[in-house]
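Welcome! Let us take a short tour of a protein chain, starting from one charged side chain and working outward.

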Amino acid sequence: MNGDLIYTKTIRFAYSDFDTYDHILPSSLQRFFQDIAGEQCDKLNVGYLDLLKQDALWIVSKMQIDFFYQLKYDEDYIFKTWPLKRRMFYFPREFEISDKKGNVIVRCISTWHIFSNSDRKLINPKNIYLVLIKLKKIKAFMKTGTSIY
């Protein structure tokens, strides 16, 4: 994990994010993960609007979520996310939720793809100029630790 590519945000869950047994709703957790990943992608200029200009979209195909402790509503949690090395058509991304003391509560690994907005087919990332250029810059940044923007 490269510390320079970690995006962090403090989140507080609402009552509506939990079921009647005080368990977090999977849909709420997925929404928060997608939102924080989208915010980081926007900052890296590979977000929703950047891809949409090229008739492309980010799609989440898989999430594996591991719980170490139970999340509670009305408490602040620190969400972290970072991209992992691209694998062919797959863009893995990790997430972590911790409490204020730094205890890891939840970890998640997800798999993302780039799809065509018009025909809903998987797109080779090499065919998307903007994504390819940004990924090369991010990769170079991860190797050198200095900004190339």
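## Charged pairs and a nonpolar core

Arg 107 is partly exposed, with a relative accessible area of 39%. This is a predicted model, and Arg 107 is a handy place to start. Its side chain meets that of Glu 96 in a salt bridge (3.2 Å, N to O). Because Glu 96 sits in strand E4 and Arg 107 in strand E5, the pair ties together parts eleven residues apart in sequence. Glu 96, at 12% relative accessibility, counts as buried.

The count of salt bridges comes to six. Here are three of them:

| Salt bridge | N to O distance |
|---|---|
| Glu 39 and Lys 9 | 2.7 Å |
| Arg 12 and Asp 74 | 2.9 Å |
| Glu 96 and Arg 107 | 3.2 Å |

Arg 12 lies in strand E1 and Asp 74 in the loop between E2 and E3, so this pair links parts that are 62 residues apart in sequence. Arg 12 and Asp 74 also belong to a network of salt bridges with Asp 76 and Lys 100.

Stepping back, the chain has three helices and five strands, running β-α-α-β-β-β-β-α from the N terminus. Of its 149 residues, 36% count as buried.

What about the interior? The largest nonpolar core has 30 residues, and those with the most contacts inside it include Phe 13 and Phe 33. Helix H1 gives the largest share of this core, six residues. Leaving aside neighbours within four places in sequence, Phe 13 is in contact with residues including Phe 18, Leu 29, Leu 71 and Phe 79.

Key:
Residues numbered from 1 in each chain as written. Predicted model: local features only at pLDDT ≥ 70, side-chain atom pairs only at ≥ 80, totals over all residues. Heavy atoms only, no water. Helix = DSSP H or I, 4+ residues; strand = E, 2+ residues; numbered from the N terminus. Buried < 20%, exposed > 50% of the residue type's maximum accessible area, 1.4 Å probe, protein only. Core = buried A, V, L, I, M, F, W, Y, C linked by side-chain atoms within 4.5 Å. Contact = heavy atoms within 4.5 Å. Salt bridge = Lys/Arg side-chain N within 4 Å of Asp/Glu carboxyl O.
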